[in-house]
Amino acid sequence: YTRGTVKAFSPFDARADAEALRKAMKGMGTDEETILKILTSRNNAQRQEIASAFKTLFGRDLVDDLKSELTGKFETLMVSLMRPAYIFDAHALKHAIKGAGTNEKVLTEILASRTPAEVQNIKQVYLQEYEANLEDKITGETSGHFQRLLVVLLQANRDPDGRVDEGLVEQDAQVLFRAGELKWGTDEEKFITILGTRSVSHLRRVFDKYMTISGFQIEETIDRETSGDLEKLLLAVVKCIRSVPAYFAETLYYSMKGAGTDDDTLIRVMVSRSEIDLLDIRQEFRKNFAKSLHQMIQKDTSGDYRKALLLLCGGDDE
């Protein structure tokens, strides 16, 4: 992954950073500026080294100290940055399915956008960290076709990209056309199987062919023929097949558009993509929304929270 905005900091000195952070939180008042500058300019692996140096030097837990010194969205952002990268998604899913009510938005965003290898990793980490089977947890909290598509995605068995068979492209496009536009009541199962298992390059061709056959973008059909959580998940899968960065640009845009900000989504996407493809997301954002991600964060957030998000964003695309 080389399309992130956050890279390994050099020259890096974990002990010096740990000392600076301790000083920033010691005694009366907190020096938020130092905290946000250090944590947004080190990559996740380096942040873990800082936490370990912090414990070694002071016998204190860095995350506990951050929680007791900081508040609100800024605290949430800093604590999210400190979460080990490999556990980030598993933790988000765990919190999306615990207790009263399931956060379908989080399940949709993560399972639609992660690669099969990433999904396999999430399942393993979930089992190790929480001694529970992620699939069982998700099926216990969801139902219907929404649940079935999540289960298909959790299998992480999407065909690998290879030579595209035009005959099969034509066939899949026809099946989707008959299941969607031509049938009263959509045959959701066909959509689930095809969208959940075919390779990315194959599906991109299927979407083009579908447009030729039906005169509609597949998103328009999904929009018309399905509703609720299933519709949102199908659309997320289609958008991620077309372009993961474009999907996240749109996710970020809608987290800030209109009244009120969905800070949980804003934080989750900015943190989880900061070392992967945030540069590409910024590019798509600028292209599709006639303003830069930087400008929108600037307008929609404030204080230390804004400063930290802008540093993660890493630049303005005028």
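**Figure 1. Lysine 209 is a partly exposed residue, with a relative accessibility of 23%.** This view, like the others here, comes from a predicted model. Look for lysine 209 in helix H13. If we set aside the neighbours within four places in sequence, lysine 209 is in contact with Val169, Glu170 and Ala173. How far apart in space are lysine 209 and phenylalanine 12? Their C-alpha atoms are 51 Å apart, and 197 residues separate the two in sequence.

**Figure 2. Helix H12 has buried residues that pack against other helices.** Helix H12 runs over residues 188-197, and its buried residues are Phe191, Ile192, Ile194, Leu195 and Gly196. It helps to remember a rule about helices here: an α-helix has 3.6 residues a turn, so residues three or four places apart point the same way. Which helices do the buried residues of H12 pack against? They are H10 (144-154), H11 (166-179), H13 (200-214), H14 (218-225) and H15 (228-242).

**Figure 3. Helix H6 has a span close to the expected one.** Helix H6 covers residues 85-96, which makes 12 residues. From the first C-alpha to the last, H6 reaches 18 Å, close to the 16 Å expected at 1.5 Å a residue. The buried residues of H6 are Ile87, Phe88, Asp89, Ala90, His91, Ala92, Leu93 and Ala96. What covers them? The cover includes H5, H7 (104-113), H8 (116-130), H9 (134-141) and H17 (263-273).

**Figure 4. Helices H5 and H20 cross at roughly 35 degrees.** Two packed helices are described by the angle between their axes and the distance between the axes. For H5 (residues 72-81) and H20 (residues 303-313), the axes come within 8 Å. The crossing of H5 and H20 is left-handed. On the H5 side, the residues that meet H20 are Lys73, Phe74, Leu77, Met78 and Leu81. On the H20 side, their partners are Asp304, Tyr305, Ala308, Leu309 and Leu312. Sorted by class, this contact has 8 nonpolar and 2 charged residues, with no polar ones.

**Figure 5. Leucine 312 is buried, with a relative accessible area of 0%.** You can find leucine 312 in helix H20. Which residues does leucine 312 touch, not counting those up to four places away in sequence? They are Thr5, Val6, Thr40, Leu77, Leu81, Met270, Val271, Ser274 and Leu278. Methionine 78 is 234 residues from leucine 312 along the chain, yet the C-alpha atoms of the two are separated by 11 Å.

**Figure 6. Glycine 314 is in the segment after H20.** Is glycine 314 buried or partly exposed? With a relative accessible area of 45%, glycine 314 is partly exposed. The C-alpha atoms of glycine 314 and arginine 282 are separated by 9.6 Å, and the two residues are 32 apart along the chain.

**Figure 7. Cysteine 240 and cysteine 313 form no bond here, because their sulfur atoms are 20 Å apart.** A disulfide is a covalent bond between the sulfur atoms of two cysteines. How many disulfides does the structure hold? The number is 0. The sulfur of cysteine 240 has its closest cysteine sulfur in cysteine 313, and 20 Å is too far for a bond, since a disulfide needs the two sulfur atoms within 2.5 Å. Seen from the other side, cysteine 313 is in no disulfide, and its nearest cysteine sulfur is that of cysteine 240. Cysteine 240 is buried, at 8% relative accessible area. Cysteine 313 also counts as buried, at 0% relative accessibility.

**Figure 8. Glutamate 131 and alanine 290 have positive phi angles.** Most residues other than glycine have a negative phi, and most peptide bonds are trans. Glutamate 131 is not a glycine, but its phi is about 45 degrees. Glutamate 131 sits in the loop between H8 and H9 and is exposed, at 73% relative accessibility. Alanine 290 is not a glycine either, and its phi is about 55 degrees. Where does alanine 290 lie? Alanine 290 is in the loop between H18 (278-289) and H19 (293-300), and it is exposed at 68% relative accessible area.

**Figure 9. The peptide bond from serine 10 to proline 11 is cis.** The omega angle of this bond is near 0 degrees. Proline 11 is found in the segment before helix H1 (14-25).

Technical notes: Residues are numbered from 1 along each chain as its sequence is written. This is a predicted model: local features need pLDDT of at least 70, side-chain atom pairs count only at pLDDT 80 or more; totals for chains, interfaces and linings use all residues. Side-chain values use heavy atoms; hydrogens and water are left out. Buried means under 20% relative accessible area, exposed over 50%, partly exposed in between (1.4 Å probe, protein chains only). Axes are lines fitted to C-alpha atoms, for helices over the stretch in contact, and angles run from 0 to 180 degrees between N-to-C directions. Helices (H or I, at least four residues) and strands (E, at least two) are DSSP runs, numbered from the N terminus. A crossing is left-handed if the near helix is turned anticlockwise from the far one by less than a right angle, and right-handed if clockwise. Contact means heavy atoms within 4.5 Å. Ala, Val, Leu, Ile, Met, Phe, Trp, Tyr, Cys and Pro count as nonpolar, Asp, Glu, Lys and Arg as charged, and the others, Gly among them, as polar. The expected span of a helix is 1.5 Å times one less than its number of residues.
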